[in-house]
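Student: I have a structure to go through, and I would like to learn how its labels are earned. Could you help me reason from values to terms?

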Amino acid sequence: MTSLYALVDCNSFYCSCERVFNPALNHRPVVVLSNNDGCVIARTNEAKELGIPMGEPYFKIRNLVESGQVHAFSSNYELYGDMSDRVMETLARFTPNIEVYSIDESFLDLGDFYGRDIFEYASEIKRTVGKWTGIPVSIGVAPTKALAKVANKLAKKSRKANGVLVLTNPYHLQKALEATKIEDVWGIGGQYARFLRKRGINTAYDFTQLSENWVRQHMTVVGVRLLKELRGESCLELEEVTPPKKGICTSRSFGKKVNSFDELQEATASYAAKCARKLRQQKSCANLITVFAHTNSFSENEPQYYGSKTIALPVATSSDIELIHYADIALKAIYRDGYWYKKSGVIVTGIIPEDNIQLGLLDTVDREKHARLMGVIDGMTDRFGRGKVKVATQGLDNSWQLRSDYLSPCYTTRIGEIQTVYVR
DNA sequence: TCTGGGGTCCTAGGACCC
DNA sequence: TCTGGGGTCCTAGGACCC
């Protein structure tokens, strides 16, 4: 039985989401910006053709936007998350064996479909997703996940493929590997690409000709796995159930420069609460909390500071109130007067299932009461949206928050505004 | 003036134990 | 030249992903 994987990848996903609700933007250059409208994180083909690179700082393309040549959106993750769910639900109609790999990509195990007309089946998947969600996708099919990635990339690039490429024939596989630049291989980043190019390894095909020992020596077992995958030996299985996260991080750059402790405190409390909610959503608790804050490293003329502090919690928790409390202690330990802070964040680690908590002997927290309160907060957040119910430390003003000047409405999830409610 | 955010895995080296 | 040997656990750092 031969393995067969499809990689379904949404084209310019964030931009495509915006286009679904703005069809006039079809065939026009569109970009989506990162938080704070900092840099470009998604581009349509038309925007790529204008020479806008990935990660380009916004100020460098501002004139293109202001002169109307490019349409820019602030990122709207609520919208993209909801559209992603729709795409993934559609894909799940075609096979139960699906791994949601990222917000815009899924692997499908098509092993059971061997011998059928795979190209026609993949084409039908592409048509159906387009019809039901409005999102264009590209599909690559091959015997391993790494080769499906190769196929997907070519499916996107080649006009002839028109968005669907099946690579099962050995001759076609070799041609595809020869046509794939080493830096375009899944798992080869900038460092390894430079290292390999220096040694004359310029394509994915060159890489497959290396010896296992050499690859292990220079690229660890991760490299060996990739080598085997590209040679057609499947080593990476489909991960159908998402394992709980081992670390959860909430951090942001500020929309403006911040130097007061109070503003940093409000931001940190909000990040701690966000981490707590993410923990509850995956039914976990954390044993450790880290708070960091730093200045803008791009401002070379300003004094620089990076502070970080980790605190071991007495008992693992997912409570807003507790995490905000310890985040505050950590922040007080690292805060230094006289710096312009640009970014701060909260990371929770030492994550365990919530039904596996070791209670402390000296524990004085009423955990049941906390759990009930958090349940109420989560319920209200689900109904009324983020930030409508919160612990008072998170603040009322929030002038430190994100800048997003070009935000589209949350077309799919917004249910109307209500007054913010505070919990003390 | 303006440069994202959130994850994963692997390895090496130190602490500690018997 | 030669310092016991062999585990485990933890952390920091480096690579990668979208």
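Student: Which residues come nearest to DNA strand C?

Tutor: Happy to start there, keeping in mind that this is a predicted model. Among the 13 residues around DNA strand C, the nearest are S102, D104, K149, G187 and G189. Sugar and phosphate make up 100% of the strand C atoms that come within 4 Å of the protein.

Student: What makes the approach of S102 to DNA strand C a polar contact?

Tutor: An N or O atom in the side chain of S102 is 2.9 Å from a sugar or linking oxygen of DNA strand C. The cut-off for such a pair is 3.5 Å, so the S102 pair qualifies. D104 also has a polar side-chain atom 2.9 Å from a sugar or linking oxygen of that strand, so D104 meets the criterion as well.

Student: And how do you know that W186 counts?

Tutor: Its side chain has an N or O atom 3.5 Å from a sugar or linking oxygen of DNA strand C. The criterion reads "within 3.5 Å", so the W186 pair is counted, with its value at the cut-off.

Student: Which elements supply the surface near DNA strand C?

Tutor: β5 (98–102) and α8 (190–198) each give at least two residues, and α8 has the largest share, with three. By class, this surface has five nonpolar, five polar and three charged residues.

Student: Why would G187 and G189 be put in the polar class?

Tutor: Gly is counted among the polar residues in this scheme, so both of these glycines, which are among the nearest to DNA strand C, fall there.

Student: Let's turn to the second largest pocket. How much space lies in it, and which residues are nearest its centre?

Tutor: The second largest pocket holds about 1400 Å³ of space. Its lining has 46 residues, with N11, S12, N45, K48 and K156 nearest the centre.

Student: Why is K156 called charged while N45 is called polar?

Tutor: Lys is on the charged list and Asn is not on the nonpolar or charged list, so K156 is charged and N45 is polar. Across the whole lining there are 17 nonpolar, 13 polar and 16 charged residues.

Student: Which domains supply the lining, and which element gives the largest share?

Tutor: Domain 1 (5–10 + 83–230) and domain 2 (13–79) each contribute at least three residues. The largest share, eight residues, comes from α6.

Student: Where does domain 3 lie relative to domain 1?

Tutor: Domain 3 spans 248–394 in chain A, and the C-alpha centres of domain 1 and domain 3 are 38 Å apart.

Conventions:
Residues numbered from 1 in each chain as written. Chains lettered and ligands numbered in written order. Predicted model: local features only at pLDDT ≥ 70, side-chain atom pairs only at ≥ 80, totals over all residues. Heavy atoms only, no water. 1 Å grid on protein atoms, 1.4 Å probe; cavity = no way out; pocket = protein on both sides within 12 Å on 5 of 7 lines; lining within 4 Å. Points joined across faces, edges and corners; volume = space filled by probe spheres on them. Helix = DSSP H or I, 4+ residues; strand = E, 2+ residues; numbered from the N terminus. Domains from an automatic or database assignment. Near = heavy atom within 4 Å. Polar contact = N/O pair within 3.5 Å; in protein donor to acceptor, adjacent residues only side chain to side chain.
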